[in-house]
Amino acid sequence: MELLKFVPPNYSNDAAVLLIESEKYLPGVKKLMPNAQFVTLESWNLPIEPKIFDVIISENCLTYGENFYRRLAEMNHLLKDSGFVLTQFLNVRFVGVLESLKHGIFSANEERFWAKWDIVKILQDANFKEINFLPAEQIKTSAAEWENFGFDNFSEDLTTKIWLVKASKCTAEVVALKELYTYEVRAELSRLLHRVEYDIDTEKNLAAILELCRRENIFNAYLADFIEQTVIHKDKIFNLLKINQ
């Protein structure tokens, strides 16, 4: 149940939760979110509708099977903008694994081992924006021998057998921005900003941005953060709108 450490105690009671081959988490999730809507799947026959779940728990999606990128991309597709995936992985840098390799032993089995940077890369490739780790299983032993060999032991990585992972679809800053105004308002603001960015009817679209901000009470700090998150040529837009970065 350790993956549920990532779920804050005040998390939304009416969240939509998908459990993929992780039914054992259902009692714990029900306790944390008694009014949540649950879907449990025993295989990778996933729904196709986008943005329908707040939380997806798939404990072993990185440990067994193949097509890790496809699995993660499918889960990203199913998540709402504020949603996140909870999973875990076996640490290939764990001293127990290194000791076995040192003696020429590595058991052939179906389990897949990863390093943290592997997980960060595949999650970023699957368009997850914020990634957090917690240790699930650690041993009390010295990693000095392996540190002397040149192995970094950041965050006690060498003594951690299993890492828990929370992968969020958007950063907390982006989620906060999206919650302030409706999707339609954000989409219109984004469209107008990009038209100005690429010199399409600049004066007309600048005026439309100012009118949209007036009508929807979009304040300068929000507009500045929105530009930071959505525009590539930020300095150009800030100068044209005469707002501070």
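Begin by selecting helix 7, residues 183–197 (helices being DSSP runs of H or I of at least four residues, strands runs of E of at least two, both numbered from the N terminus): at 1.5 Å a residue its 15 residues should span 21 Å, the expected span being 1.5 Å times one less than the number of residues, and its end C-alpha atoms are 21 Å apart, which agrees. This is a predicted model, in which local features need pLDDT of at least 70 and side-chain atom pairs count only at pLDDT 80 or more, while totals for chains, interfaces and linings use all residues. Residues are numbered from 1 along each chain as its sequence is written, and side-chain values use heavy atoms, with hydrogens and water left out.

Staying on helix 7, colour V185, R186, L189, S190, L192, L193, V196 and E197, which are buried (under 20% relative accessible area, with exposed meaning over 50% and partly exposed in between, for a 1.4 Å probe and protein chains only). Seen down the helix axis, these buried residues fall within an arc of 165 degrees, taken from the directions from the axis to the C-beta atoms, so they line one face of helix 7. On the other side, Y183 and E184 are exposed. After the helix comes D199, whose phi is positive, near 60 degrees.

Next, select I56, L62, L72, M75, I119, L123 and F128, which have the most contacts inside the largest nonpolar core, a set of 27 residues (buried Ala, Val, Leu, Ile, Met, Phe, Trp, Tyr and Cys joined through side-chain atoms within 4.5 Å). Among the elements giving two or more residues to this core are strand 3 (53–57) and helix 4 (116–125), while helix 2 gives the most, with 4 residues.
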